[in-house]
Amino acid sequence: MPGASSVGNDVDIDIGALFASLWRNKLRIILGSLLLTALAFLLLSLVAPKYRGETRILIETRESVFTRPANQQGDDRPILDQEGIKSQVELIGSSDLLKRVITKLELGKIEELSAGAEPSALSRLLGAVDIGSNPGGDARDDYILQALRDRLMVFSVQNSRVIVIQFSSKDPELAASVANAIADEYVATQQASKSQSNEDATGWLQPEIADLSKRVKDAEAKVAAYRSSSDLLIGQNNAVLATQQLSELSSELSRVRANKAASEAKAESVRSALAKGAAVETLPDVMASPLIQRLRERQVQLNNDIADQSAALLSGHPRIRALRSQLADLNQQIRLEARKVLGSLENEAQTARLRETQLTRSLNELKAQSSKAGEEEVELRALEREATAQRQLLETYLTRYREASSRTASDSLPADARIFSRADRPIEPYFPKKIPMTIAAFVASLLLLSIGTLLRALFSGQALRPAYTRPSPVESAAEPVVASNTLEPAISASTGTEEAPEQTILTEDAPDGPDIAVPALDPIVETPSAHADHSGVANVADRLMASGAARAVVVSPEGDEASALTILLVRELADRGVRVILIDMTGSGEIGRSMLDDKNLPGITNLLVSEKHFSDVIHTDHYSHAEIIPLGNHDPAKAMLSVGRLPMILNALQSAYDLVVVDGGPATVAELKHLLADGTELILGVVNPDDPDVAATAKAVFDAKLLEPELLTPFNKEHLRLDAGRVVRSA
């Protein structure tokens with residue numbers, strides 16, 4: 001069985017021996033560490049100190065309201081992203097910029113940078129005989145540039161627009177001056193780049209403006225010529241004259257038509273009153289005549305006179321008849337004047353009709369002219385748009401040209417970078433740090449020597465000791481052993497047998513001390529004949545380990561009394577180093593309560609209904625290294641409805657454990673078929689061989705032609721065996 005066969009060959013690491021080896025070699029470790037530390041300090045003292053100058057540059061827009069172009073807002077300044085900052089870092093480290101710094105500071109004359117550029121005597125000698133070549137001026141400059149690069153470090157601060165320039169040198173003055181010179185040259189390069197951009201812009205805009213001016217003049221000439229040839233005269237509100245006249249004539253026609261309608265209505269009312277003989281003096285148009293108004297006043301006066309005279313004179317009196325005659329003449333005169341008014345209204349309506357006809361004819365003519373003018377105006381607007389676009393572009397170019405010309409001087413263009421921290425002369429070298437590095441060397445040497453001592457103790461075997469192994473059955477037969485399992489007296493009590501009297505055994509492991517009396521229960525000396533009967537907890541454990549079985553199914557026909565043997569078997573296997581797990585499927589759950597101190601924990605029933613996970617139902621035996629899945633606290637009847645998941649659960653456990661033991665209690669043959677599979681051992685737990693349930697279960701297993709079961713009996717019982725499905729005592 002995996003893991004069980006190699007138990008006797010395992011060794012353990014003796015931690016005490018490991019630390020003892022450190023203590024024994026403490027003087028050698030300390031002296032070696034001090035020696036290595038002194039050597040490191042000596043080497044650090046021989047190293048020439050190096051100084052580092054640091055300059056910091058902030059990338060920002062330096063344009064102010066006075067230098068910024070008029071059409072550029074304050075928030076339109078360019079903001080560099082991380083890629084832009086990295087590009088500026090590469091620009092600072094470019095060869096052209098560094099060469100200008102080398103020339104400006106005359107770094108070629110400094111021995112620290114030009115040491116590798118000077119050819120050796122051997123190189124000169126080989127070059128003299130044409131075997132090699134002497135480095136020329138260009139190669140020397142390349143050596144100096146490479147030496148400068150090796151001592152230069154340019155990087156950007158994370159999440160900021162700050163660029164750091166660091167230069168290392170043995171001379172502190174040189175470290176500071178080179179860092180500042182590179183920063184100054186970078187700012188000057190930025191200013192020169194802006195000035196060059198403005199010069200390029202003015203050089204490009206000047207011929208463009210001259211060409212654009214000519215095109216604007218030609219476009220405006222085309223507009224004027226087309227307007228003259230098409231007779232598109234402009235009136236008020238920038239409208240074509242024909243269109244403006246059409247609008248005015250339409251308004252006049254509407255007014256004439258309104259007047260005509262009003263005159264015809266007035267004439268019709270007067271005509272109707274005259275035809276019906278009605279009083280025409282009530283009509284507004286008739287009453288508007290001054291003559292009618294005077295006749296009407298005379299008519300009222302005659303009516304008053306007739307009324308006054310009628311009070312004193314009869315109707316046939318000459319005075320009355322004269323007044324009535326005057327009144328009739330006056331009425332006739334009023335009607336004649338009304339007819340004249342009617343004629344005037346009819347003439348006015350006729351005049352309006354004639355005016356309408358004339359205006360309609362003129363309107364039609366203007367419509368034709370306006371339609372033609374509209375078509376011509378489309379072409380005119382296209383020409384005007386082209387001229388306007390050319391003019392606006394010309395004005396834009398002129399504005400930009402004037403701004404670029406005024407900003408040509410380099411002093412008027414601040415660079416988009418500012419040196420906010422210049423390098424000062426460093427006081428302390430950054431390398432080597434003698435004190436911290438000496439301390440680190442002492443700690444590292446102490447650690448390395450300690451590790452070496454520990455490894456030597458391990459490889460030499462001084463810190464190893466043999467692992468504890470359980471005595472084999474053969475060794476047990478050679479010397480008496482004491483049965484110490486606490487469940488054995490309970491099994492003896494359950495079978496009704498008489499317990500063995502307490503005995504006293506003298507220990508032999510303490511020769512210098514007094515003898516110790518230890519109570520013992522039935523010392524058992526097992527012989528090879530006992531192994532042949534395959535009974536007893538130790539013998540069954542031997543059989544399982546020898547067969548390499550992955551699963552063992554225990555049937556306990558006598559119930560919880562025989563299930564106690566399963567606990568003994570599992571603990572025996574765990575003591576031998578087997579990774580074993582017990583599944584309690586007895587129905588009563590007594591096994592789980594015995595191994596877990598009466599705790600009602602989730603178990604196999606909860607796992608079957610997918611209520612819990614494996615990690616929730618696997619528990620450790622409180623008295624051994626074995627693990628157990630108890631019955632659980634779910635309804636067993638409902639859980640058995642999902643018994644189809646049991647093979648999958650058992651297969652999963654077999655992949656994680658050396659042996660899976662299932663105690664099915666008084667299971668039937670039909671129930672055992674769900675538990676048996678390839679690599680399974682069937683075990684029959686027997687406490688009382690005369691129990692009828694034991695005989696019935698053994699016969700049922702034999703008749704069903706299942707696996708041949710192993711017998712599991714108490715230590716103190718006589719040896720039993722199976723014969724054709726019957727439990728018989730060995731002779």
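**Figure 1. Secondary structure of the whole chain.** Counting along the chain gives 25 helices and 17 strands. Keep in mind as you look that this is a predicted model. The chain has 731 residues, and 35% of them count as buried. Take the contacts between residues at least 6 apart in sequence: 79% of these join residues at least 24 apart. The next views pick out a few places to explore.

**Figure 2. Helix 1 packs against helix 13.** Helix 1 covers residues 15-24, and its partner here, helix 13, covers residues 434-460. Their axes lie 9 Å apart and meet at an angle of about 130°. Because angles over 145 degrees count as roughly antiparallel and 65 to 115 as roughly perpendicular, helix 1 is described as oblique to helix 13. The crossing of the two helices is right-handed.

**Figure 3. The residues where helix 1 and helix 13 touch.** Here is the same pair of helices, now with the side chains to look for. From helix 1, the contact uses L18, S21 and L22. Helix 13 brings S450, T453, L454, A457 and L458. Which kinds of residue make up this contact, nonpolar, polar or charged? Five are nonpolar and three are polar, while no charged residue takes part.

**Figure 4. The two faces of strand 2.** Strand 2 runs through residues 51-59. Try following it one residue at a time. Y51, G53, T55, I57 and I59 belong to the covered face, whereas R52, E54, R56 and L58 belong to the uncovered face. In a regular strand, side chains alternate between the two faces of the sheet.

**Figure 5. Strand 2 and its pairing with strands 4 and 5.** Strand 4, residues 162-169, pairs with strand 2 in the antiparallel sense, over eight bridges. To find your way, start at Y51, which stands opposite S169 of strand 4. Strand 5, residues 417-421, also runs antiparallel to strand 2, and four bridges join these two. A handy landmark for this pairing is R56, which has S421 of strand 5 opposite.

**Figure 6. D218 in helix 8, with A387.** D218 sits in helix 8, a helix that spans residues 172-229. Is D218 buried, exposed or partly exposed? With a relative accessible area of 40%, D218 is partly exposed, because that value falls between the cut-offs of under 20% for buried and over 50% for exposed. Now look for A387: in sequence, D218 and A387 are 169 residues apart. In space, their C-alpha atoms are 8.3 Å apart.

Key: Residues numbered from 1 in each chain as written. Predicted model: local features only at pLDDT ≥ 70, side-chain atom pairs only at ≥ 80, totals over all residues. Heavy atoms only, no water. Axes fitted to C-alpha atoms, helices over the stretch in contact; angles between N-to-C directions. Parallel < 35°, antiparallel > 145°, perpendicular 65-115°, else oblique. Left-handed = near helix turned anticlockwise from the far one by under 90°. Contact = heavy atoms within 4.5 Å. Nonpolar A, V, L, I, M, F, W, Y, C, P; charged D, E, K, R; others polar. Buried < 20%, exposed > 50% of the residue type's maximum accessible area, 1.4 Å probe, protein only. Pairing = 2+ DSSP bridges.
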